[in-house]
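Dear colleague,

I am passing on a structure for you to look through, and I would be glad if you read the notes below with it open beside you.

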Amino acid sequence: MSSTPATDPQPPRPVPGAEKPRPKPRLVFDDPLDQQSSDDTDRGWGERPPAGGSAADLARFLDEKPPHHI
């Protein structure tokens with residue numbers, strides 16, 4: 001056994017000014033129903049953007065055809 005007392009490691013002290021306080025979130029009082037959500041668009045429902053042309057129409061028809069119509 002040692003006669004010297006054990007020293008406890010001290011936690012590092014924070015440096016003043018090293019951490020910037022987070023700004024408070026803004027309060028927004030707008031009507032949320034005035035804004036368009038992704039569900040309000042065709043893209044939000046997984047639709048492809050309109051490509052146009054008969055080849056694109058055929059591809060969409062074949063992709064969306066029910067299994068019993070094969």
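What follows is a short account of what was found.

Please keep in mind throughout that this is a predicted model. The protein has 70 residues, of which 0% count as buried, and its secondary structure amounts to one helix and zero strands. The surface that the protein exposes comes to about 7,800 Å², with carbon and sulfur atoms supplying 56% of that area.

The helix, called α1, covers residues 54-64, and both R60 and E64 belong to it, four residues apart, which is about one turn of the helix. Side chains of opposite charge can pair when their charged atoms come close. Here the side chains of R60 and E64 form a salt bridge, with a distance of 3.2 Å from N to O, and a search of the whole structure finds one salt bridge.

How far are these two residues open to their surroundings: is R60 buried, exposed or partly exposed? R60 has a relative accessible area of 43%, and because buried means under 20% and exposed means over 50%, it counts as partly exposed. By the same cut-offs E64, with a relative accessible area of 49%, is partly exposed as well.

You may also want to look at the nonpolar part of the surface, where L58, F61 and L62 make a patch of about 310 Å². One of these residues, F61, is found in helix α1, the helix that also holds R60 and E64.

With best wishes

Key: Residues are numbered from 1 along each chain as its sequence is written. This is a predicted model: local features need pLDDT of at least 70, side-chain atom pairs count only at pLDDT 80 or more; totals for chains, interfaces and linings use all residues. Side-chain values use heavy atoms; hydrogens and water are left out. A salt bridge is a side-chain nitrogen of Lys or Arg within 4 Å of a carboxyl oxygen of Asp or Glu. Helices (H or I, at least four residues) and strands (E, at least two) are DSSP runs, numbered from the N terminus. Buried means under 20% relative accessible area, exposed over 50%, partly exposed in between (1.4 Å probe, protein chains only). Patches are made of residues with over 30% relative accessible area and no salt bridge: like charges are joined within 9 Å, nonpolar side chains (Val, Leu, Ile, Met, Phe, Trp, Tyr) within 5 Å. Accessible areas come from the Shrake-Rupley method with a 1.4 Å probe; for residues, only the protein chains shown count as cover.
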